[in-house]
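Below are some numbered remarks for a colleague reading this entry, concerned with ring contacts and a metal site.

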Amino acid sequence: MLSVIQNPPRIALPIAGSGDLFPVRRVYCVGRNYAAHAREMGADPDREPPFFFMKPADALQIVGPEPAPHTYPPQTRNYHFEVELVAALAGGGSDIPVADALDHVYGYAIGLDMTRRDLQDEAKKLSRPWDLGKAADHSGPIGALFPASAIGHPARGAITLAVNGEIRQTGDLADMIWSVAEQVAYLSRYFTLQPGDLIFTGTPSGVGPVQRGERMVAAIAGLGEITLDVV
Ligand code: MN
């Protein structure tokens, strides 16, 4: 049987230090997973269960070791950075116990959950879905994947984002409200997780707008950094 259009390309993350690739299936994202960020968004971090949204896999922007141009999206005047640890699943299933969850994680990358905050805020106000705010083209810049077999499962360490050399977001992976293992377990109660799924695990406080002409450097201890020039 012939496809009537060309097959859309499957996005794949490069594996750090090798020529291998990790093809991506779904991209799950957790909201408000660092207490200080939950507070800056006007929420109470102590009483909310985790919640998730999705980004289309083809909204990922693969970023190599060199600075990469990042296209400012249309229809926003308040485009925000959110630096996040991204977990990549090589296993999956349903109703995964927390104790087994990390066995399903292949590795980790630095990601940015870029957000048209004005559109997200409007959606929140009107009780509408977040897609226009969260799923812009190129809104998921992501670096190379570091296998857990090489670096382990990072549970602490600095996570930062700088704009034009000035640190704007800073946190520690240890300050996640819901750990990577808990996020995998929780999601698996609602979806059958599959190899190729990514989870953006939340952002520390300090989110803010970025403008054309500015440089973002996102860094996570043990995962290096990625650099984006907003154009
Ligand atoms: Mn986020």
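1. To begin with the rings, Phe 51, Phe 53 and Trp 130 together make up one aromatic cluster. The model is a predicted one, and the remarks that follow should be read with that in mind.

2. Across the structure there are seven aromatic pairs, and one of them joins Phe 51 to Trp 130 in an edge-to-face arrangement, with 5.6 Å from centre to centre and 90 degrees between the planes. Because Phe 51 sits in the loop between helix H1 (35-40) and strand E4 (52-55), while Trp 130 sits in the loop between helix H3 (117-125) and helix H4 (131-134), this pair ties together parts that are 79 residues apart in sequence.

3. The two partners fall into separate accessibility classes: Phe 51, with a relative accessibility of 24%, counts as partly exposed, whereas Trp 130, with 18%, counts as buried. The boundary that matters here is 20% relative accessible area, since buried means under that value.

4. A further edge-to-face pair is formed by Tyr 72 and Tyr 79, whose ring centres are 5.2 Å apart and whose planes are at 70 degrees to each other. Both Tyr 72 and Tyr 79 are buried.

5. Turning to the metal, the manganese ion has as its protein donors Glu 82 (OE), Glu 84 (OE) and Asp 113 (OD), which lie 2.0 to 2.2 Å from the ion. The spacing of these donor residues in sequence is E-x1-E-x28-D, and of the donors, Glu 82 and Glu 84 are both buried.

Technical notes: Residues are numbered from 1 along each chain as its sequence is written. This is a predicted model: local features need pLDDT of at least 70, side-chain atom pairs count only at pLDDT 80 or more; totals for chains, interfaces and linings use all residues. Side-chain values use heavy atoms; hydrogens and water are left out. Rings of Phe, Tyr and Trp (its six-membered ring) pair if their centres lie within 6.5 Å; planes under 30 degrees apart count as stacked, over 60 as edge-to-face and the rest as tilted. Helices (H or I, at least four residues) and strands (E, at least two) are DSSP runs, numbered from the N terminus. Buried means under 20% relative accessible area, exposed over 50%, partly exposed in between (1.4 Å probe, protein chains only). Donors are N, O and S atoms within 2.8 Å of the metal (3.2 Å for Na, K and Ca); water is not among the atoms, so sites may look incomplete.
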